[in-house]
Amino acid sequence: MSANRIKHKVNHVSLVVDKSGSMRQHEAQLVRVVDEFVKGLQEESDRLGHETRISLYAFDHGVQNLVWDMDVKHLPSLKGLYAVNNGATALIEAAVKSIDDLKNIWEGYGEHSFLQVVVTDGEENASGFSENGEMHVHMAGSRGTGVLKKWMGRIQGAMDDLPEHWTSAILVPNSLAKRTAQEYGFPAGNIAIWDADSTKGVEEAIGTVKSAATSFLRGREQGVRGTRNLFTMGQDLSSADVKANLDALDTGKYILVPVDQALPIREFVTSSGHPYTTGCAFYELSKREKIQGRKQLAVAEKDPATGRLTGRVFSGPAARQLLGLPASEVTVKPGDNPSYTVFVQSTSVNRKLVPGTKLLVMR
């Protein structure tokens, strides 16, 4: 008779960070916020009872592994490991190397999942430098085009071959870079845009990654080992988590109002016959939004069969954590959850509402 064995969950997270010259303005801040990201992984892994291992890569015209598949509990600070150089951007080569390296991890025991996140403030211009000693954008004639085509084939092939328990995501600086990332093979739901020119850009970017990683770990509890919608919020909410962590609001203390006009929020509330005070209204999260750290959140229950709201609303201090949001500002887009809709507090009087959504008004 064979003995029973615990099949524990093992998460392998690979963070691949740009260290080209244009990242110099973000160097010190990046170290701090990556350390916070790692701390978040530690705390969430402990809470869930997972084993989480992390690898760190940095790239300019070359790719350097800084940390290899280390237990996240033992990872030292990124300080002293990450340093910006005056190099170019071998973006494709860095992403491919991270995937190739992690594929060497043995998965014989345990239930393994892999999460790769690439962060860059620029676009590909130097993959293959390690082989050719020259950036492909500086090569004459068709030679540079050929090098780029080779690396495009490598990343597209790597992405196509990823098993279902692998998730590969990327943060890019603009919509043009997002389209290029899709050409590489990154799923649209695993691509996020960050403000590479803002002093708060790195903090917001890592906040986005932290939120996504937290959601990823919690998704493992629901049996999800890989996702093509990493940068969405609320898709992994379960009835058990909501009822255990949030408070059901008294039905006499709020009303759900259908939005039929693109009016400013205060005007809409008052024209609907309700008094308006700052913070009394919560808009339905229906598109990508920037959510500040002080904003309260609520979730409304809906009928999985019809998609219609049942009228039951839950909220409380634990809502942000339950949804995987950090205490800082973060940009998110709504996930597809059959049982819940997320609502976000508005402290503006001029926010334009989206027709076809609902507005939660506290009485």
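Hi everyone, let's begin with the empty spaces: this structure has 5 cavities of 30 Å³ or more. One thing to keep in mind is that we are looking at a predicted model.

How do we find such spaces? Rolling a probe the size of a water molecule over the atoms shows where empty space is left.

The largest cavity has a volume of about 80 Å³. Which element gives the largest share of its lining? That is α6, with 4 residues. β7 (232–233) and β14 (330–334) also supply at least two residues each. If you want to find the spot on screen, look for Ser 211, Phe 231, Met 233 and Thr 331, which are among the lining residues. By type, the lining has 6 nonpolar residues, 5 polar and no charged.

Now the second largest cavity, with about 70 Å³ of space. Its lining divides into 3 nonpolar, 2 polar and 5 charged residues. Among the residues around this cavity are Tyr 283, Glu 284, Glu 289, Arg 351 and Lys 352.

Next, the packed parts. In soluble globular proteins, nonpolar side chains tend to be buried together. Here, the largest nonpolar core has 40 residues, and Phe 37, Ile 54, Tyr 82 and Val 117 have the most contacts inside it. Among the elements giving two or more residues to this core are α1 (27–48), β2 (51–59) and α6 (201–221), and you have met α6 already, in the lining of the largest cavity.

Let's zoom in on Ile 54. Leaving aside neighbours within four places in sequence, its contacts include Val 13, Phe 37, Leu 41, Trp 68 and Leu 75.

Finally, another core, of 31 residues, lies apart from the largest one, and Leu 237, Tyr 283, Phe 314 and Ala 319 are among its members. Tyr 283 should sound familiar, as it also lines the second largest cavity. Thanks for listening!

Terms used. Residues are numbered from 1 along each chain as its sequence is written. Side-chain values use heavy atoms; hydrogens and water are left out. A nonpolar core is a set of buried Ala, Val, Leu, Ile, Met, Phe, Trp, Tyr and Cys residues joined through side-chain atoms within 4.5 Å. Buried means under 20% relative accessible area, exposed over 50%, partly exposed in between (1.4 Å probe, protein chains only). Contact means heavy atoms within 4.5 Å. On a 1 Å grid over the protein atoms alone, a cavity is a set of points where a 1.4 Å probe fits but cannot get out, and a pocket is an open set with protein on both sides within 12 Å along at least five of seven lines; lining residues have an atom within 4 Å of a point. Grid points are joined across faces, edges and corners, and a volume is the space filled by probe spheres set on the points. Ala, Val, Leu, Ile, Met, Phe, Trp, Tyr, Cys and Pro count as nonpolar, Asp, Glu, Lys and Arg as charged, and the others, Gly among them, as polar.
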